[in-house]
2 protein chains.
Amino acid sequence: MTGLLVMYSNDPPTPQHLARLQALVPGARIVAADSEAAAVGAAAGVEAMLGHRYLRQVLPRADRLRWVQSTASGVAHLPTDVLAARRIVLTRCPIFADTVATHAITLALCMLRGIPDALRTQARGTWGPRPAVPPLPRTAMVVGLGSVGQAIVTRLRPLVPRIIGVARRPSPVDAMCNDVRRPETWQQALPEVDVCLLAVGDGAENRHLVDERVLRLLPAHAVLVNVGRGSVLDQAALLRTLHDGHLAGAALDVLDPVPLNADDPLWHTPRLLVTPKSAVFTSDRQTRLERFVEEQLERAVLGHTLQHVVPTTGSGQPSREAAIR
Amino acid sequence: MTGLLVMYSNDPPTPQHLARLQALVPGARIVAADSEAAAVGAAAGVEAMLGHRYLRQVLPRADRLRWVQSTASGVAHLPTDVLAARRIVLTRCPIFADTVATHAITLALCMLRGIPDALRTQARGTWGPRPAVPPLPRTAMVVGLGSVGQAIVTRLRPLVPRIIGVARRPSPVDAMCNDVRRPETWQQALPEVDVCLLAVGDGAENRHLVDERVLRLLPAHAVLVNVGRGSVLDQAALLRTLHDGHLAGAALDVLDPVPLNADDPLWHTPRLLVTPKSAVFTSDRQTRLERFVEEQLERAVLGHTLQHVVPTTGSGQPSREAAIR
């Protein structure tokens, strides 16, 4: 491997990381791009891209590109068709599924246990009243059983007696679910659901999968959480539903659209908790990401199988695997 | 059974509940006391007390008393020595351990995932910044393995790779813990703990079990939760510790003392979340309590073994069972 392009979407690579990458490929030219121009300028000699930022712009000039390591878990927003046609290997980075799943369960429990109300009570300097809280949930639904959905099911298992999983195809956690529903039948189970967690990828077919009809099929005491893609939920419908007094609460780590100003009514919608796309974050995130990428590059150098390769179909099209997770 | 005294600590019994109790003991006189005077006035003919409110005042006049059904899980604050000496059976009510454990885990996750900061950000109508959050916890410590501690361990198991249980004697969840510590050795494990959950009963020997020394032995990034008894924690020491920047956060559902006014600095201590003794509450709490008491009375009437009898030692003294849970 003679040319590497490094460009992560959030934080830039640390010097220590770049040094460790260089040690794995001693003769290679490693470019840490900090702009689109730098990325495109470096494209010609690049065999591997670590991070998918500016991928679309880089692709036309990157004749020697053989491997893209995304920093994302879901890759439906990437040009997987082009990559598959050019036989460029795409690998995902689902190593933060544990963090996202923990955040999802935190959001659900927050709403179920009245934490936002308790914080307001505390701010007033009073000991009570106790927040109004629903019974402990008996049935949870996890929509999307990709790496995040699977991690949610595992962690949720001792917290609720019954879990309904929803996915297009079998997953490793099906046996941990009491019921697994396919897209044809999942809505029929909604009236039984006390807490509904969305961990659905961003394929176009999932846009507004949770619309007003779905929200109204949930019981009035149910709690809804979204840590997947914002576009999966009809946000305007959710706000209407909450204003109408339906649902005990909702918590969103993703918004679509993100309000443009502080006056937007979304911020003050009753029984709505918003976290700023922080589900994937911990203070050691960059360290974990860099360690994972270094391990992947070492596998590539040693000729070992890469982890989390996005499968492609025989036709050169990516499988639907990526789209629904 | 000819005389029953009903006096629960929180909500009064519903008429439906009283009717169902009466149906179980058709000939008996059932008094639902709403004051100390009413309770003491009814004491003479009482064979069973459902609820422990005014128990100390009732005892001297209740010559025929044979059974007290407490509404609490821990009964160390009750006159167990007098009850044991008079061979009055005392039964606990640990049926809300699931609720308290769920609340405890909610509080821990809230602090670990920066929810109070996210709520303040939301209130300002801004999308970010992301709250500063520690790495996902690797080691949790559960102090006290009574019914609540056991329920915490069960629910926490898939959320952390390592659980250290702390208890005076073996418990059914010891096998689910990676390490079980006794009072002689628990403090040595504190520097390894990322999240510490207190579910300790109110025996006098537990007062300020968690003092400033213990708090300082926890890592600076650790999170502390108390859902047991307020007296177990040296509250002033916790506030000092938080003000010094030690601990990533603390969440208390119990306070000792409870501040008398809204100006008390406790309410605004940094990185401190307070819930108003709501760990045991859900909207169906009274329904669940009444159903459990009815089942216990049915057992008593049928001569079956009562559930959750507080054991007494051969000497007529209650065992230490009650005190440390």
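**Salt bridges and the contact between chains A and B**

Student: To start somewhere, what is the relative accessible area of B:Arg168?
Tutor: The value for B:Arg168 is 29%, so the residue is partly exposed. Buried stands for under 20% relative accessible area and exposed for over 50%, with partly exposed in between (1.4 Å probe, protein chains only).

Student: What kind of model is this, and how are things numbered?
Tutor: This is a predicted model, in which local features need pLDDT of at least 70 and side-chain atom pairs count only at pLDDT 80 or more, while totals for chains, interfaces and linings use all residues. Residues are numbered from 1 along each chain as its sequence is written, chains are lettered from A and ligands numbered from 1 in the order in which they are written, and side-chain values use heavy atoms, leaving out hydrogens and water.

Student: Back to B:Arg168, then. Which residue does its side chain meet in a salt bridge?
Tutor: The partner is B:Glu205, at 3.9 Å from N to O. A salt bridge here is a side-chain nitrogen of Lys or Arg within 4 Å of a carboxyl oxygen of Asp or Glu.

Student: Where do those two sit?
Tutor: B:Arg168 is in the loop between β7 (162-166) and β8 (179-181) of chain B, and B:Glu205 is in the loop between β9 (195-198) and α8 (212-217), so the pair ties together parts 37 residues apart in sequence. Helices (H or I, at least four residues) and strands (E, at least two) are DSSP runs, numbered from the N terminus. B:Glu205 is partly exposed, at 35%.

Student: How many salt bridges are there over all chains?
Tutor: The count comes to 22. One of them joins A:Glu212 and A:Arg240, at 2.5 Å from N to O.

Student: What does that pair tie together?
Tutor: A:Glu212 lies in helix α8 (residues 212-217) of chain A and A:Arg240 in helix α9 (residues 235-243), so the pair connects parts 28 residues apart in sequence. A:Glu212 is partly exposed at 22% relative accessibility, and A:Arg240 is partly exposed at 42%.

Student: How many salt bridges run between chain A and chain B?
Tutor: The count between the two chains is zero. The rule does find 20 residue pairs in polar contact across the interface, both residues at pLDDT 80 or more. A polar contact is a pair of N or O atoms within 3.5 Å; within protein, one must be able to donate a hydrogen and the other to accept it, and residues adjacent in sequence count only if both atoms are side-chain atoms.

Student: Which element supplies the largest share of the side of chain A that touches chain B?
Tutor: That is α5(A), with nine residues. The residues of that side divide into 30 nonpolar, 16 polar and eight charged. Ala, Val, Leu, Ile, Met, Phe, Trp, Tyr, Cys and Pro count as nonpolar, Asp, Glu, Lys and Arg as charged, and the others, Gly among them, as polar.

Student: How many residues does each chain bring to the contact?
Tutor: Chain A brings 54 residues and chain B brings 54 residues, with contact meaning heavy atoms within 4.5 Å.

Student: What about confidence in chain A?
Tutor: Chain A averages a pLDDT of 93, and 96% of the residues score at least 70; pLDDT is the predictor's confidence in each residue, from 0 to 100. Over residues 314-325 of chain A the pLDDT is below 50. Where pLDDT is low, the predicted coordinates should not be read in detail. For the complex, the predictor gives an ipTM of 0.92 and a pTM of 0.93.
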